[in-house]
There are 2 protein chains.
Amino acid sequence: MPRTTAYHHGDLRAACLRAARELLEEDGSAALSMRAVARRAGVSPTAPYRHFPEREALVSAVAAEGYRELAEHLGAAHPAPGTPDELAAVAVAYVRFALDHPALFRAMFAEPCVPGTPDNSERAAAIAAITEYVRGIVRRAFPAADPDALWTAVWALVHGLAFLHLDGKLDTSTPDAVAEQVRTAVLALLTATGGVSLANVTREGGFAR
Amino acid sequence: MPRTTAYHHGDLRAACLRAARELLEEDGSAALSMRAVARRAGVSPTAPYRHFPEREALVSAVAAEGYRELAEHLGAAHPAPGTPDELAAVAVAYVRFALDHPALFRAMFAEPCVPGTPDNSERAAAIAAITEYVRGIVRRAFPAADPDALWTAVWALVHGLAFLHLDGKLDTSTPDAVAEQVRTAVLALLTATGGVSLANVTREGGFAR
DNA sequence: ACTAGAATGTGTGCACCGCTCACATTAGAC
DNA sequence: GTCTAATGTGAGCGGTGCACACATTCTAGT
């Protein structure tokens with residue numbers, strides 16, 4: 001681990017990530033430039049290139065951080081949701097995260113993982129992690145349903161709700177209004193797609209109350 | 001209407017929109033620069049500024065065009081959907097449009113209408129138009145359901161599916177696979193939220209066959 | 001038909017950007 | 001202690017958004 005000197009920063013990579021995060025939250029993704037990050041980190045304009053070969057790599061790293069935080073946030077909403085209500089709570093947390101970190105959330109989904117750039121590994125891993133997490137939730141909650149189909153539908157619904165709220169298409173005046181909207185939509189989908197399998201689980205002495 | 005001369009272009013605004021569209025489809029949103037548009041239109045670098053006060057205004061105009069085309073595309077899928085099946089067909093068309101014009105679709109939803117910029121009027125109008133269109137469809141198809149809630153859920157689901165497909169999270173190998181995925185998800189949501197009211201309409205001698 | 005003024009296009013220029021390259025400084029392995 | 005790789009600096013190139021002064025052309029009022 002390098003030590004901090006007048007010349008060497010000490011942990012420039014972390015400082016760049018922090019600066020990038022701040023710029024993103026303060027002035028949006030347009031303000032997230034390599035040079036601005038360098039300025040904020042108190043370093044020469046090209047120093048960040050030692051840690052991120054190109055701008056896209058930096059935003060990918062920030063996005064990966066966002067994915068990890070999102071996963072953590074969802075886990076805090078409910079560690080192991082089993083009922084539709086608990087799953088709906090996780091969905092509400094998803095939308096809330098998007099509204100609390102709009103620029104970060106947009107950056108996370110602005111561009112797909114481009115095959116040409118090699119530095120998407122961290123980002124891809126973070127995405128895979130959260131994907132598997134959500135998928136596991138659905139699988140645990142509705143073991144008899146087709147997990148792929150149901151998981152896909154649930155994520156799409158929640159993701160779409162997040163974007164519609166972000167774009168100001170829906171009422172975001174109060175957090176409660178948002179939560180209620182998300183809750184009802186998710187519960188509707190779950191009762192439709194997972195209703196049968198949920199009943200099965202209940203009959204077999206499963207976890208549903 | 002100005003005539004074309006050696007000096008005056010004739011209809012530079014339309015030429016800029018066309019050039020911007022082409023750049024977007026060819027090389028993605030990063031390639032959509034004012035100067036590149038000017039080059040492609042065969043005009044000096046600052047000429048486009050006579051018609052679009054800033055870059056954001058240009059992409060807003062392109063996005064508005066995209067919204068109009070999307071509305072047209074949905075209308076072609078089914079002019080006045082009344083049954084869940086027909087509505088699902090419109091949903092499939094929505095996702096198809098996103099996959100056929102990925103960069104345009106992303107541009108349409110990349111940034112919300114920023115209050116500071118005054119040139120979002122056209123864009124806002126196009127959005128309002130398509131919103132009212134989808135809303136009208138749902139209202140007509142399910143008059144007894146809460147139109148706002150149902151419309152919101154349907155749009156969110158479809159929009160989320162479009163983005164997940166765009167981001168490579170779902171199987172897009174064949175158009176049929178995409179269509180089937182969208183169909184099942186939408187039908188599931190509709191049977192949950194609108195099932196009762198649809199049955200009512202049918203009993204009263206409505207449009208449902 | 002003439003002419004004033006509005007519309008529209010040109011050219012220059014500034015600050016910023018991503019990124020490359022040669023070079024300076026330092027940390028850590030031997 | 002020395003050698004090398006890691007890390008930071010600085011100059012510089014081409015591109016970009018945008019502001020400004022200027023040129024050309026269209027159009028309306030007479």
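**Figure 1. How chain A and chain B of this predicted model map onto each other.** Rotate by 179° with 0.0 Å of shift along the axis, and chain A lands on chain B with an RMSD of 0.1 Å; the fit is least squares on C-alpha atoms of residues with pLDDT of at least 70 in both copies. The two copies are thus related as by a two-fold rotation axis. Both copies use the same surface, as 100% of the contact residues of chain A recur in chain B; contact here means that the C-beta atoms of two residues, placed from the backbone, lie within 7 Å. A bit of bookkeeping: residues are numbered from 1 along each chain as its sequence is written, while chains are lettered from A and ligands numbered from 1 in the order in which they are written. Because this is a predicted model, local features need pLDDT of at least 70 and side-chain atom pairs count only at pLDDT 80 or more, whereas totals for chains, interfaces and linings use all residues.

**Figure 2. The side of chain A that touches chain B.** The contact takes 26 residues from chain A and 28 residues from chain B. On the chain A side, H5, H7 and helix H8 (175-193) each supply at least two residues; helices are DSSP runs of H or I with at least four residues, strands are runs of E with at least two, and both are numbered from the N terminus. H7(A) brings the largest share, twelve residues. By class, this side of chain A has 17 nonpolar, eight polar and one charged residues. For those labels, Ala, Val, Leu, Ile, Met, Phe, Trp, Tyr, Cys and Pro are nonpolar, Asp, Glu, Lys and Arg are charged, and the others, Gly among them, are polar.

**Figure 3. Helix H5 (residues 102-110) of chain A, mostly covered.** Seven of the nine residues of H5(A) are buried, a label that takes 20 or more other C-beta atoms within 10 Å of a residue's own, with C-beta atoms placed from the backbone. They are A:Ala103, A:Leu104, A:Phe105, A:Arg106, A:Ala107, A:Met108 and A:Phe109. The cover includes H1, helix H3 (55-77), helix H4 (84-100) and helix H7 (147-166) of chain A, together with helix H7 (147-166) of chain B. For the wider setting, chain A has nine helices and zero strands, and 40% of its 209 residues count as buried.

**Figure 4. Where domain 1 of chain A meets domain 2.** The domain assignment, automatic or from a database, gives domain 1 (1-52) and domain 2 (54-203) in chain A. Between them, 13 residues of domain 1 are in contact with twelve residues of domain 2. On the domain 1 side, helix H1 (12-27) and helix H2 (34-41) are the elements that give two or more residues, and H1(A) has the largest share, with six residues. That side divides into nine nonpolar, two polar and two charged residues.

**Figure 5. The surfaces near DNA strand C and DNA strand D.** Around DNA strand C there are 26 residues, with A:Ser33, A:Met34, A:Arg35, B:His9 and B:Ser44 coming nearest; near means a C-beta atom, placed from the backbone, within 6 Å of the strand. H2(A) gives the most to this surface, three residues. DNA strand D is surrounded by 25 residues, the closest being A:His9, A:Ser44, A:Thr46, B:Ser33 and B:Met34, and here H2(B) gives the most, with three residues. For annotation, an unreviewed UniProt entry lists residues 33-52 of chain A as "DNA-binding region"; UniProt annotations may be inferred rather than shown by experiment, and their feature names are shortened and positions given in the numbering used here. That span is 40% helix and 0% strand, with its end C-alpha atoms 12 Å apart.

**Figure 6. B:Pro48 in its loop.** B:Pro48 sits between helix H2 (34-41) and helix H3 (55-77) of chain B. B:Pro48 counts as buried because it has 25 C-beta neighbours inside 10 Å. Leaving out residues up to four places away in sequence, B:Pro48 touches B:Cys16, B:Met34, B:Val37, B:Ala38 and B:Leu58. As for B:Pro102, 54 residues away along the chain, its C-alpha atom is 25 Å from that of B:Pro48.

Terms used:
A residue is buried if 20 or more other C-beta atoms lie within 10 Å of its own, exposed if 12 or fewer, and partly exposed in between; C-beta atoms are placed from the backbone.
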